[in-house]
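Student: I would like a close look at a single part of this model, the place where two helices meet, followed by whatever else helps to set that part in context. Please state the cut-offs behind each term as it arises.

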Amino acid sequence: MGAHEHPQPQDAVSSPGGIGRRRFLGYVVAASTLTVAAELGEAVLAPSPAAAVVPSVPGPAEIYDLNDMLTHATLPTANLITIRLDPDGTAHFALPRAEVGQGITTSSAMLVAEELDLPLDQVRVTLADARPELLFNQLTGGSNTTISTFTPIRVAAAVARGRLLHAAALELGEALGTLTAKAGVVTSTVTGKSLTYGELAQKAASVTTSQVSVALKDTSEFKVIGTAQRRIDALEAVTGRKKYAMDLKVPDALPAMVCRPPTINGTVRSVDNLDTVRAMPGITDVVRISSGVAVRGRTFGQCIDAVRALKVTWGPGTADDESDDTIGDELRKAELPLPALDLLTKSVDARFTFHFASNSALEPNCAVADVRQDSAEIWASLKSPITAQEQIALTLGLPTAAVKVHVTEGGGSFGRKLFHDGAAEAAEISKATGKPVRLMWHRTDDFRHGRTHPMSTSRVRASYALGQVLTYNQHHTSVATDFGHGVGEIITAEAAQLPVGDLTFSETIFTLTQQTPYNFGVVTQLLSETDKGFHTGSMRNIYSPNVRCAQELVVDELARRTGKDPYHFRRSFLKEDRARAVLDKVAEVGSWGRGMPTGTAQGIALHPEYHGYVAVLAEIDCRPQTTGRKVPDAYTGPRVTKVVCAVDVGLAVNPRGLEAQMMGGIMDGIAITLSSGLHLDNGHFLEGSWDNYFYTRQWNTPPELEIVVMPPTSGRPGGAGELAVAGAMAAVACAYGRATGTMPTTFPINHDGPLGFEPLPTSPPIPASPTDGLSRAY
């Protein structure tokens with residue numbers, strides 16, 4: 001594996017997106033030690049369109065996208081996010097977002113360290129509890145954290161630095177202009193006297209809250225932002241000392257698990273052996289809840305035994321007779337008709353099918369809850385904690401203020417933790433038993449009853465003539481995506497559940513995320529949704545991997561029909577110079593067009609999103625014989641052998657973290673293209689754990705992987721968290737099509753082949769051994 005890091009050019013400060021020396025307003029907050037806040041969030045600039053032979057009108061997402069909306073929603077409450085400096089010289093920042101492995105605690109600490117002139121190891125970033133007063137400012141999603149907090153965090157840190165310098169000037173009796181701040185120390189350039197930030201923390205504090213004006217550093221002055229930094233939590237993670245929800249020591253919180261129905265959303269009709277199960281070793285409670293039958297015991301192993309022993313009569317669910325074929329039929333019937341074709345033009349017409357995919361994270365869905373008569377306390381990894389707090393309070397019949405929700409670090413999310421079903425269940429069980437509980441879903445629970453990326457189809461028609469693409473129409477039809485988390489609080493969450501509200505949310509999200517980087521004449525991209533009987537969610541990139549994969553495959557076919565090279569064809573139609581730069585870079589670094597054996601090929605693709613661009617070049621081996629790499633007997637399909645990724649996010653706050661994000665996104669893209677899908681059969685998914693869900697692993701990770709972080713193209717960051725998923729999926733699909741000579745239209749590509757595993761039974765719904773499916777997370 002390798003990576004290129006480019007130093008920031010000195011003229012980056014004058015780039016169109018640079019912040020420069022504009023003045024920003026912040027607050028000094030009344031407190032015992034120095035506490036500061038910002039008033040304003042980041043402004044958003046719309047990209048300018050480029051000219052072409054048949055230019056396309058900029059789509060909505062090119063002018064104002066989902067990330068812009070999320071960023072603007074944070075502005076009114078940016079001043080409620082504070083940084084505190086303590087007498088030991090450390091700065092504390094409670095980040096109102098969820099750290100689930102993406103590295104935002106590190107990048108946020110870097111912002112504080114930069115403007116405060118404090119060593120990175122003296123910045124402490126924790127996760128804020130649910131704070132309803134933040135409104136839309138505590139939602140983690142849409143690759144928005146760094147964009148929306150980039151300016152507020154820096155403004156607060158700059159206010160703190162200014163207050164420290166002012167306090168030092170009074171303490172030392174020297175002019176403010178003679179003082180410098182560096183590495184947590186204020187020093188006089190005249191006398192050489194110095195004071196540490198810790199010594200100044202109380203002196204710089206204020207007894208009243210007041211507004212102040214500050215200027216942020218120019219990008220040319222950055223010493224921390226833009227440099228490759230190790231994760232501040234890396235040592236704790238690799239040594240097992242990092243604390244997740246299941247590691248917390250909450251008094252009397254015993255393990256709990258749930259016996260769930262054999263089909264999605266099935267209901268409990270009766271339990272035949274409650275007393276027998278209650279008498280089993282270690283079991284303290286067995287109670288019926290809305291989603292099944294819950295057991296509480298001394299160990300998780302005892303809970304599993306109890307769940308297996310339960311004899312439950314189940315009522316029907318919401319998808320009992322559904323299968324891949326029936327859902328496919330529903331989707332085709334719901335497809336919006338494509339416009340008529342002009343007889344004077346030729347066209348590429350294609351339909352693509354994308355099967356259900358799992359949103360499961362490496363960490364099982366879990367939560368700790370302690371519900372009392374007049375209060376409740378919840379611990380969980382939550383990306384929408386305000387919604388969780390407000391809805392749990394409503395369910396428990398308690399005031400919102402009586403429910404404390406603590407956000408813990410999470411072991412992955414992929415959109416799964418936008419939903420708080422684990423926390424809600426834990427609260428329900430705790431209330432029913434009158435005791436604290438430590439709820440953990442079994443692996444099989446999450447695969448069969450957790451969140452999924454919905455099954456969908458994409459119908460595409462692109463017309464062309466005389467070497468030009470004249471129209472591009474794409475009608476995407478999907479099982480409904482659940483946006484019940486809203487945009488972070490209960491009002492929009494409840495609105496999203498209304499009969500019209502959910503459609504409005506879906507259409508809004510689709511419109512604000514989907515765009516094409518090409519000048520393809522008249523472009524339309526529309527969404528239609530159907531079937532709401534499934535637990536779905538905004539898996540990484542939401543609609544983009546499927547939509548972009550379909551588009552890039554059609555682009556390859558257009559190139560073939562017009563007799564052009566896929567790379568050069570793309571390049572000639574691109575709207576933006578930034579897109580052209582990343583495409584050129586992967587073609588150069590990946591040696592596009594080099595000779596390759598029959599059955600192998602290169603694929604190239606581009607994806608724009610949230611003011612960022614990524615290009616991916618993938619090489620694939622579709623030959624039946626393996627190259628000697630040990631692989632499971634169940635998988636004999638194609639393997640990606642090389643990936644080159646070039647990424648431009650404007651300003652990369654932490655290039656090393658950005659590389660890691662791209663690597664993770666590439667692995668996701670490979671998985672959902674080739675091997676990772678769920679098989680729906682009679683109302684349940686056949687996959688029951690990681691050992692039969694073929695996610696990208698050691699044996700099919702490309703041995704050659706190179707990430708190129710492009711030089712800064714602006715003074716502000718763009719979104720990065722999900723950027724590589726769609727690009728990688730499209731590049732791998734295009735490589736497969738070129739290697740086999742047939743454009744793939746069903747994903748994952750192996751979906752219609754042999755299962756390669758023996759499905760776990762639906763009743764009992766979890767394996768007999770505590771190790772089966774529970775700890776096999778490789």
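Tutor: The account below begins with the basis of the model, turns to one helix pair and its surroundings, and then takes up other helix pairs and some backbone details.

This is a predicted model, in which local features need pLDDT of at least 70 and side-chain atom pairs count only at pLDDT 80 or more, while totals for chains, interfaces and linings use all residues. Residues are numbered from 1 along each chain as its sequence is written, and side-chain values use heavy atoms, with hydrogens and water left out.

The score pLDDT is the predictor's confidence in each residue, on a scale from 0 to 100. Its average over the protein is 90, and 91% of the residues score at least 70. Residues 1-20 stay under 50, and for them the model has 52 contacts beyond four places in sequence. Residues 41-53 also have a pLDDT below 50, with 32 contacts in the model beyond near neighbours in sequence. A contact here means heavy atoms within 4.5 Å.

The part chosen for close inspection is the meeting of helix 18 (residues 655-674) with helix 19 (residues 723-740), whose axes come within 7 Å and cross at roughly 45°. Helices (H or I, at least four residues) and strands (E, at least two) are DSSP runs, numbered from the N terminus. The axes are lines fitted to C-alpha atoms, for helices over the stretch in contact, and the angles run from 0 to 180 degrees between N-to-C directions. Angles under 35 degrees count as roughly parallel, over 145 as roughly antiparallel, 65 to 115 as roughly perpendicular and the rest as oblique. Helix 18 and helix 19 are therefore oblique to each other.

The crossing of helix 18 and helix 19 is right-handed; that term applies if the near helix is turned clockwise from the far one by less than a right angle, and left-handed if anticlockwise. Helix 18 contributes M662, G665, I666, D668, G669, I670, I672, T673 and L674 to the contact, and helix 19 contributes L723, A724, V725, A728, M729, V732 and A733. By class, these residues comprise 12 nonpolar, three polar and one charged. In this scheme Ala, Val, Leu, Ile, Met, Phe, Trp, Tyr, Cys and Pro are nonpolar, Asp, Glu, Lys and Arg are charged, and the others, Gly among them, are polar.

Within this contact, T673 of helix 18 deserves separate attention. Its relative accessible area is 0%, so T673 is buried; buried means under 20%, exposed over 50%, and partly exposed in between (1.4 Å probe, protein chains only). Leaving aside residues up to four places away in sequence, T673 touches M729, V732, A733, F747, P748 and I749. The C-alpha atoms of T673 and T74 are 35 Å apart, with their positions 599 residues apart along the chain.

Two of those partners bring in a backbone detail: the peptide bond from F747 to P748 is cis, with omega near -5°. P748 itself lies in the segment after strand 32 (746-747). Most residues other than glycine have a negative phi, and most peptide bonds are trans.

Positive phi values also occur. Y610, in the loop between strand 26 (600-609) and strand 27 (612-621), has a phi near 50° and is buried, with a relative accessible area of 3%. N682, in the loop between strand 29 (680-681) and strand 30, has a phi near 50° as well, but is partly exposed at 47%.

Other helix pairs can be set beside the one above. Helix 10 (residues 385-396) and helix 11 (residues 421-433) pack at an angle of about 25°, with their axes 10 Å apart, which makes helix 10 roughly parallel to helix 11. Their contact is formed by I392, T395 and L396 of helix 10 with A423, A424, A427 and K431 of helix 11, and divides into five nonpolar, one polar and one charged residue.

Helix 16 (residues 566-573) and helix 17 (residues 577-589) pack at about 165°, with axes 10 Å apart, and are therefore roughly antiparallel. Helix 16 passes helix 17 in a left-handed crossing. Y567, R570 and R571 of helix 16 meet R580, L583, D584 and A587 of helix 17, a contact with three nonpolar, no polar and four charged residues.
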